[in-house]
Amino acid sequence: MHSRRALLYMPGDNWKMITKSVTLSVDSICMDMEDGTAVNRKAEARATIVKALQELDFGASEKLARINSVGSGFEKDDIEAVLPYHPDGIMIPKVESYEHVEWASRIIEAAELKYGWAMNSVRVLIGVETAKGILNLKEIAAHPRLDAIIFGGEDFAASVGATRTKDAIELLYAREAVVVACAAFDLQAIDIVTIDYKDIEALRVESEFGARLGFVGKQIIHPAQVEPVQTAFTPNDEAIAYAKRIVETFEASQKEGKGAYSLDGKMIDMPLVKNAQKVLARAKAAGK
Ligand code: COA
Ligand code: MG
């Protein structure tokens with residue numbers, strides 16, 4: 001799966017921001033037709049995204065297009081406009097049911113057949129960011145076509161009537177619900193946007209907290225957020241060295257017939273080894 005430590009949005013009708021995004025070495029670029037685009041600019045956004053898919057070199061960045069939510073009335077025109085130009089993935093926001101994912105999957109599969117593309121070569125990412133979406137996570141996350149679930153903090157707060165705070169305690173239950181669903185179905189969990197994009201320290205704290213919860217990446221909205229977020233979601237050298245030591249000492253202790261053992265005064269057994277292996281896998285995915 002493509003590493004998605006940082007997923008950068010920009011309004012789909014903003015050619016300047018799209019051309020800037022391909023210079024930023026960001027893991028994923030998500031050209032938005034939904035809430036970042038004004039209602040009277042949807043057609044402009046579709047045409048601009050098509051132009052970007054045709055003309056720009058995205059390098060190693062993943063090229064994604066976010067359509068409007070299923071039932072908005074815009075979604076069909078959105079997906080039909082951009083799909084023929086083979087984005088790497090389609091993001092569906094505000095997903096509330098398995099059927100929402102199924103709707104897009106059928107259209108994508110038909111395009112893959114029609115154009116002779118490899119099956120699943122257009123990935124599906126979804127936003128789960130409403131009360132109904134969180135309640136139905138168990139069914140939604142089981143959809144075989146999915147890659148990632150993106151949790152939208154602002155939309156969720158609006159959906160339940162929560163007041164957003166800096167430490168985001170009001171989002172904790174839903175954030176963890178997304179992480180759990182993703183772990184159960186082997187999907188990537190992608191965390192909230194820090195909308196106060198000028199506060200890089202707040203961004204760093206929020207990214208590190210998200211990584212501790214189990215998120216593998218974060219949505220971002222500004223170029224200044226790329227580096228801090230990609231760093232926060234890459235295991236650091238210390239974490240990698242410790243994970244390697246756990247895996248190595250565990251193998252030796254297994255040979256000695258010991259399931260649990262002590263390392264630097266801490267008890268090590270299977271769950272810690274599994275977590276260490278995840279750290280090493282993440283480091284590898286990030287090219288470390
Ligand atoms: N992607 C690519 N480039 C971006 C960008 C983004 N999301 N946000 C800003 N830039 C560019 C600007 O065009 C500017 O480029 P320049 O230096 O070549 O002129 C540079 O980065 C600095 O931008 P800055 O002046 O600090 O920001 P701004 O005032 O122009 O824009 C926002 C601030 C928040 C309006 C803008 O970042 C934005 O629209 N972000 C995306 C919002 C979005 O997509 N929301 C929906 C999903 S949650
Ligand atoms: Mg949103």
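Q: How many bridges must DSSP find between two strands for them to pair?
A: The structure shown is a predicted model. Strands in it pair by bridge count, and the number that DSSP must find is at least two.

Q: How many bridges join strand S3 to strand S4?
A: S3 covers residues 62-66 and S4 covers residues 89-92. Pairing needs at least two bridges. S3 and S4 run parallel, and the bridges that join them number three.

Q: In S4, which residue is the bridge partner of Leu-64?
A: Leu-64 has its partner in S4. Ala-65 is bridged to Ile-90 of that strand. For Leu-64, the partner is Gly-89.

Q: Through which helix does the chain cross from S3 to S4?
A: Ala-65 and Ile-90 are bridge partners, with Ile-90 in S4. The crossover from S3 to S4 is a right-handed β-α-β one. The helix on the way spans residues 75-82 and is H3.

Q: Which residue in S3 stands opposite Asp-32?
A: Strand S2, residues 28-32, is joined to S3 by five bridges, and the two run parallel. Opposite Asp-32 in S3 stands Arg-66.

Q: Which helix makes a right-handed β-α-β unit with S2 and S3?
A: S2 and S3 are parallel strands. The helix of their right-handed unit takes in residues 42-55. That helix is H2.

Q: Why is S3 described as largely enclosed by the rest of the structure?
A: The cut-off for buried is under 20% relative accessible area. S3 has five residues. It is largely enclosed because the number of them that are buried is four.

Q: How many residues of strand S1 are buried?
A: S1 runs over residues 6-11 and is mostly covered. Of its six residues, the buried ones number five.

Q: In S2, which residue is the bridge partner of Leu-7?
A: S1 and S2 run parallel and are joined by five bridges. S1, helix H1 (residues 15-21) and S2 also make a right-handed β-α-β unit. The S2 partner of Leu-7 is Ser-28.

Q: Which residue in S8 stands opposite Leu-7?
A: S8 comprises residues 217-220. It pairs with S1 in the parallel sense over three bridges. Opposite Leu-7 in S8 stands Gln-219.

Q: What closed form do the eight strands S1-S2-S3-S4-S5-S6-S7-S8 take?
A: The strands follow one another in that order with parallel pairing. Neighbouring strands of the sheet are turned by 25° against each other on average, direction ignored. The closed form is a barrel.

Q: At about what angle to S4 does helix H4 run?
A: H4, residues 98-115, lies across S4, S5 (123-128) and S6 (146-151). Its direction relative to S4 is about 155°.

Q: Which element gives the most to the lining of the largest pocket?
A: The largest pocket is lined by 39 residues. Elements that give two or more residues to this lining include H8 (172-185), H9 (200-213) and H12 (270-285). With nine residues, the element giving the most is H12.

Q: What is the approximate volume of the largest pocket?
A: Gly-214, Val-216, Lys-278, Val-279 and Arg-282 lie nearest the centre of the largest pocket. The volume of this pocket is about 1400 Å³.

Q: Is Glu-256 buried or exposed?
A: Glu-256 is found in the loop between H11 and strand S9 (261-263). Exposed means over 50% relative accessible area. At 57% relative accessibility, Glu-256 therefore counts as exposed.

Q: What distance separates the C-alpha atoms of Glu-256 and Ile-240?
A: Along the chain, Glu-256 and Ile-240 are 16 residues apart. Their C-alpha separation is 25 Å.

Q: How far apart in space are Gly-59 and Gln-219, C-alpha to C-alpha?
A: Gly-59 lies in the loop between H2 and S3. It counts as exposed, because its relative accessibility is 59%. In sequence, Gly-59 and Gln-219 are 160 residues apart, while in space the figure is 20 Å.

Q: Phi of His-86 is near what value?
A: His-86 lies in the loop between H3 and S4. Its phi is positive, in a residue other than glycine. The value is near 45°.

Q: Phi of Lys-94 is near what value?
A: Lys-94 sits in the loop between S4 and H4. This residue, other than glycine, has a positive phi. The value is near 50°.

Notes: Residues are numbered from 1 along each chain as its sequence is written. Chains are lettered from A and ligands numbered from 1 in the order in which they are written. This is a predicted model: local features need pLDDT of at least 70, side-chain atom pairs count only at pLDDT 80 or more; totals for chains, interfaces and linings use all residues. Side-chain values use heavy atoms; hydrogens and water are left out. Axes are lines fitted to C-alpha atoms, for helices over the stretch in contact, and angles run from 0 to 180 degrees between N-to-C directions. Contact means heavy atoms within 4.5 Å. Buried means under 20% relative accessible area, exposed over 50%, partly exposed in between (1.4 Å probe, protein chains only). A crossover is right-handed if, with the strands pointing away from the viewer, the path from the first strand over the helix to the second runs clockwise. On a 1 Å grid over the protein atoms alone, a cavity is a set of points where a 1.4 Å probe fits but cannot get out, and a pocket is an open set with protein on both sides within 12 Å along at least five of seven lines; lining residues have an atom within 4 Å of a point. Grid points are joined across faces, edges and corners, and a volume is the space filled by probe spheres set on the points.
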